[in-house]
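Biologist: Please take a close look at a single part of this model and describe what surrounds it.

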Amino acid sequence: MTTILWLTYENWDALIAHFTPERTTWYAHVVYWIVWVLAALLATVLFVFGATLVGSIIASPFNDILVRRTLKVLDGVDAPDLPFTASVVAQDVAVSAGHALLNFGLWLVTMTALLLINFLVPVVGTLIYLVLSNLTTFWFQAHIHLDLPMSVMRWSWRRKWELMWEHRWPLCGFGMVTTLLPCVNYLFLP
């Protein structure tokens, strides 16, 4: 990541000049600065997502150990421990990807329904949307933070959401704290 960041920094002007016309007119200057800002935003987004992805991959085995130890110390629960083999890893990746797609589908359906309420029911629909979309965001944020411990226990997607529904109000509060207080959410990730 550092190498990519350094190469981008060193070649920034050449990259921008490649995508913009020669700056001999006023509109060429405008195009240059528009491209410059868009490229800076794109580079920032790519760097943040890249760093997050690399960090997640590096931290993954340690997070698993941390969750297992925490479950043992706090609850006396031993999480199922499968051998570290390619087939187990492939199965875990497939299950995680499937759960992520199901979560995205659930979120998309929920938010689409709320958006329709917002547009189809005058005045009251906007209030309903405001309240329920925030609660949905908080609830999904709580799920994101609890997904790793639930996955370590090898729970099904349905079992995870049953637990989320069972404890929806405390989890909405937890999700609200992790959403609205900057940097605090990173303290809750492990």
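Modeller: In this predicted model, Ser133 touches Met111, Leu114 and Ile128, when residues up to four places away in sequence are not counted. Between Ser133 and Leu114 there are 6.9 Å in space, C-alpha to C-alpha, although the two are 19 residues apart in sequence. Ser133 counts as buried because its relative accessibility is 9%, and buried means under 20%. Its side chain reaches the backbone oxygen of Leu130 at 3.5 Å.

Ser133 has its place in helix 5. Helix 5 (residues 124-152) packs with helix 7 (residues 168-180) at an angle of about 85°, the axes being 7 Å apart. Helix 5 is therefore roughly perpendicular to helix 7. On the helix 5 side the contact is made by Leu135, Phe138, Trp139, Gln141, Ala142, His145 and Leu146; the residues from helix 7 include Arg168, Trp169, Leu171, Cys172, Phe174 and Gly175. By type, the residues of this contact divide into 11 nonpolar, 5 polar and 1 charged.

Ala142 of helix 5 is in contact with Met164, Leu171, Phe174 and Gly175, leaving aside neighbours within four places in sequence. Ala142 also belongs to the largest nonpolar core, which has 9 residues in all: Trp139, Phe140, Ala142, Met150, Trp161, Leu163, Met164, Leu171 and Cys172. Helix 5, helix 6 (157-166) and helix 7 each give two or more residues to this core, and the largest share, 4 residues, comes from helix 5. Apart from this core lies another, of 5 residues, among them Val67, Ala79, Val152 and Met153.

How values were computed
Residues are numbered from 1 along each chain as its sequence is written. This is a predicted model: local features need pLDDT of at least 70, side-chain atom pairs count only at pLDDT 80 or more; totals for chains, interfaces and linings use all residues. Side-chain values use heavy atoms; hydrogens and water are left out. Axes are lines fitted to C-alpha atoms, for helices over the stretch in contact, and angles run from 0 to 180 degrees between N-to-C directions. Angles under 35 degrees count as roughly parallel, over 145 as roughly antiparallel, 65 to 115 as roughly perpendicular and the rest as oblique. Contact means heavy atoms within 4.5 Å. Ala, Val, Leu, Ile, Met, Phe, Trp, Tyr, Cys and Pro count as nonpolar, Asp, Glu, Lys and Arg as charged, and the others, Gly among them, as polar. Buried means under 20% relative accessible area, exposed over 50%, partly exposed in between (1.4 Å probe, protein chains only). A polar contact is a pair of N or O atoms within 3.5 Å; within protein, one must be able to donate a hydrogen and the other to accept it, and residues adjacent in sequence count only if both atoms are side-chain atoms. A nonpolar core is a set of buried Ala, Val, Leu, Ile, Met, Phe, Trp, Tyr and Cys residues joined through side-chain atoms within 4.5 Å.
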